[in-house]
Structure formats: structure tokens, C-alpha cells
Amino acid sequence: MRKPEIAKRLARQSGVSKAEAADQLDRVVHQIISKLRKGKTAPLPGLGRFTPGPEGSYQFKKEKKAGRGSK
């Protein structure tokens with residue numbers, strides 16, 4: 001999915017303009033990149049987390065879904 005498609009969905013779901021949704025998306029991506037450049041982990045609650053790797057690379061680790069019956 002590309003940025004315009006994500007922004008369109010965000011706009012529709014949150015009731016803001018496409019431009020505002022695209023701006024919010026840019027801010028989130030900038031925050032993730034900024035944390036990774038500082039060697040910090042960037043969590044995305046409910047999805048997973050980006051972790052810094054060697055030579056400017058990064059990894060994304062998905063959160064494990066809680067199985068049935070687990071609390």
C-alpha cells in the first residue's frame with residue numbers, strides 16, 4: 001500500500017482531510033526514522049516494533065498475537 005492510499009484511509013476513518021492525514025503519516029514516519037537513527041527502538045503498539053540494525057539498517061518484529069485462553 002502506498003502513502004496516498006494510506007492517507008485516504010486515515011482521512012476517511014478519522015474524519016480529517018487527505019492532506020491532514022498525509023501530514024500525520026509523515027510525522028509518524030519521521031519519528032520512527034529519528035528514533036532508529038539514534039539507535040533506539042520505535043514501537044508501533046498493536047503491530048510490532050522497528051529495531052535498529054548494523055550500518056543504518058533496521059528490522060521490524062511483529063507482535064505475537066495472544067492465543068485463545070491466554071490472559
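Let's start at Thr51, whose place is in strand 2. Bear in mind as you look around that this is a predicted model.

Is Thr51 buried or exposed? Its relative accessible area is 10%, and buried means under 20%, so Thr51 counts as buried. Leaving aside residues up to four places away in sequence, Thr51 touches Leu36, Thr41, Ser57, Tyr58, Gln59 and Lys61.

Now compare that with Lys3, which is found in helix 1. Lys3 has a relative accessible area of 38% and is partly exposed. With residues up to four places away in sequence again left out, Lys3 touches Ala22, Leu25 and Asp26. Lys3 and Ala21 are 18 residues apart in sequence, and their C-alpha atoms are 9.9 Å apart in space.

Here are the two residues in a small table.

| Residue | Element | Relative accessible area | State |
|---|---|---|---|
| Thr51 | strand 2 | 10% | buried |
| Lys3 | helix 1 | 38% | partly exposed |

Next, take a look at helix 2. Helix 2 is made of 20 residues, and from its first C-alpha to its last it reaches 28 Å, close to the 28 Å expected at 1.5 Å a residue.

Which residues of helix 2 are buried? They are Ala21, Ala22, Leu25, Ile32 and Leu36. These residues lie on the same side of helix 2 because they cover an arc of only 100 degrees around the axis. Their packing partners are helix 1 (3-14), strand 1 (42-44), strand 2 and strand 3 (58-62). Turn to the other side of helix 2 and you will find Ala19, His30, Gln31 and Arg37, which are exposed. Just after helix 2 comes Gly39, with a positive phi of about 80 degrees.

Our last stop is the largest pocket, which holds about 480 Å³ of space. The largest pocket is lined by 17 residues, and the closest to its centre are Val28, Val29, Ile32, Leu44 and Phe50. You have already met Ile32 as one of the buried residues of helix 2.

Which element gives the most to this lining? The answer is helix 2, with seven residues. Helix 2 (18-37) and strand 2 (48-52) each supply at least two residues of the lining. Sorted by class, the lining of the largest pocket has 13 nonpolar, three polar and one charged residues.

Note on methods: Residues numbered from 1 in each chain as written. Predicted model: local features only at pLDDT ≥ 70, side-chain atom pairs only at ≥ 80, totals over all residues. Heavy atoms only, no water. 1 Å grid on protein atoms, 1.4 Å probe; cavity = no way out; pocket = protein on both sides within 12 Å on 5 of 7 lines; lining within 4 Å. Points joined across faces, edges and corners; volume = space filled by probe spheres on them. Helix = DSSP H or I, 4+ residues; strand = E, 2+ residues; numbered from the N terminus. Nonpolar A, V, L, I, M, F, W, Y, C, P; charged D, E, K, R; others polar. Expected span 1.5 Å × (residues − 1). Buried < 20%, exposed > 50% of the residue type's maximum accessible area, 1.4 Å probe, protein only. Arc of directions from axis to C-beta. Contact = heavy atoms within 4.5 Å.
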